Amino acid sequence: MTEPLTRITKRLTEPLNRGVEHRKRLAEIDVRIVVSGTRGKSGTTERLYRVLRSRGYDAYAKITGNHPLSLYDGEENDISRGERVTLYENVRELRKYTPADALILENQGITDYTTRMMNETFGKPDVLVVTNVRQDHRDTLGGSRADIARAFARATPEGTHVVSGEQDPRLQTYLERELETVGATISHVDVPDEHDDLPGAETVYGVNEVLEAIDEPPLSEHVIGEMLDEFRIDWKPLPDGKAFNAADVNDVESTELVRQSLVDDGELIQPFVYLRRDRRARTASFRDYLESLADQGAIEQARVAGGHAELFAQKTSFPVVVHDDEREYAGDVLDDAMADGWPVLIMGNTVAGFMRDLDDEIQRRHEAFEQRQQRQTDSDESKPKPTATNQ
């Protein structure tokens, strides 16, 4: 049966009509913000949403990643996805909520093209936040931090103001030069010296830069301090040592900031690196990173699992223990690592069943340790206090 002409016409014109309607919705929103960068996009998007909503804005925010969410009217709404994720989900979600005052979108692009399309077509930001420039998605955005910075800059629409959290002065200058060529302006986030070693601090202080860009008063020092408290990290004490899971950050610059925040001078760690077969550039960056730690005397040995683990071990100059994540139990791997006597820093990649099991095992042991400590404290407090008579 031949398809009716009206149905064919509707099917062919639907994408065009959808685009026109989306542009109209965007034009009716007073403030449009897109959050890009390497690390901290989801948290920054959520913080901006909550701050603007607390100030009376009718705001909507979309968070992407492992758990995509639409935030509106104080509620978190799961975003349903099929096997194929496309940028057009931004059109669908915005149609559901249609905020009047503020739109905050996390840029979900991972290539030059999709990052630019997200900015130019689906967000059209007044303010574009670049949280930082780290060595992630090197296969798709570029092989060096300068290449990644160029990709972010060239994906910026003309006339947009960029708030950059990147703290490297060389990359700041590079971004300024690249953004000038596309007709965009930039302001840099200033992180005070006392917090420059706190991973993610730039994303907190960046909120005030965004507020200034949209003519809103800044957050108080008290509120900034409460936000910074969320970023403070420490080892998780376990019955047989201590560990910290830094695999969520999954780039070497952020991982090194975490390591520096955890270790005392001269303290050695044992890295456990989970490798993804489809992230060869990230694997190479972690190999180079561990080589530098070995050269500094910061590690004596590492443990690895995941894709290309054997090859990774062959290409390093220091001892590497290879684990089979498909056959070995995460708890046994943690036992082996803790038995070596060094604090264990988990790094690399987190999207794997084995890594979820490992994180659960660390959390379970940490809770058991704290419960045992609390019982000991309660026992000590229940003992009778010595008196002058029985001393």
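## Helix H8 against helix H9

In this predicted model, helix H8 (residues 201-213) packs on helix H9 (residues 221-229) at an angle of about 155°. Their axes lie 9 Å apart. Angles over 145 degrees count as roughly antiparallel, so H8 is roughly antiparallel to H9. The crossing of H8 and H9 is right-handed.

Which residues of H8 and H9 meet? H8 supplies Ala201, Val204, Tyr205 and Asn208. H9 supplies Ile224, Met227 and Leu228. By class, this contact has six nonpolar residues and one polar residue. Charged residues are absent from the contact.

## Helix H8 on the strands

H8 also lies across four strands. These are E1, E6 (127-130), E7 (161-164) and E8. Relative to E7, H8 runs at about 160°.

## The sheet

Eight strands build an open sheet with mixed pairing. Their order is E4-E3-E2-E5-E1-E6-E7-E8. Where are the edges of the sheet? Strand E4 (75-78) and strand E8 (185-188) are the edge strands, and each pairs on one side only. Edge strand E8 is also among the strands that H8 lies across. On average, neighbouring strands are turned by 20° against each other, with direction ignored.

## The E1 and E5 pair

Strands of a sheet pair through backbone hydrogen bonds, in either a parallel or an antiparallel sense. Which sense applies to E1 and E5? Strand E1 (residues 31-36) pairs with strand E5 (residues 102-106) in the parallel sense. Five bridges join E1 and E5. In one bridge, isoleucine 33 has isoleucine 104 of E5 as its partner.

Methods: Residues numbered from 1 in each chain as written. Predicted model: local features only at pLDDT ≥ 70, side-chain atom pairs only at ≥ 80, totals over all residues. Heavy atoms only, no water. Pairing = 2+ DSSP bridges. Helix = DSSP H or I, 4+ residues; strand = E, 2+ residues; numbered from the N terminus. Axes fitted to C-alpha atoms, helices over the stretch in contact; angles between N-to-C directions. Contact = heavy atoms within 4.5 Å. Parallel < 35°, antiparallel > 145°, perpendicular 65-115°, else oblique. Left-handed = near helix turned anticlockwise from the far one by under 90°. Nonpolar A, V, L, I, M, F, W, Y, C, P; charged D, E, K, R; others polar.
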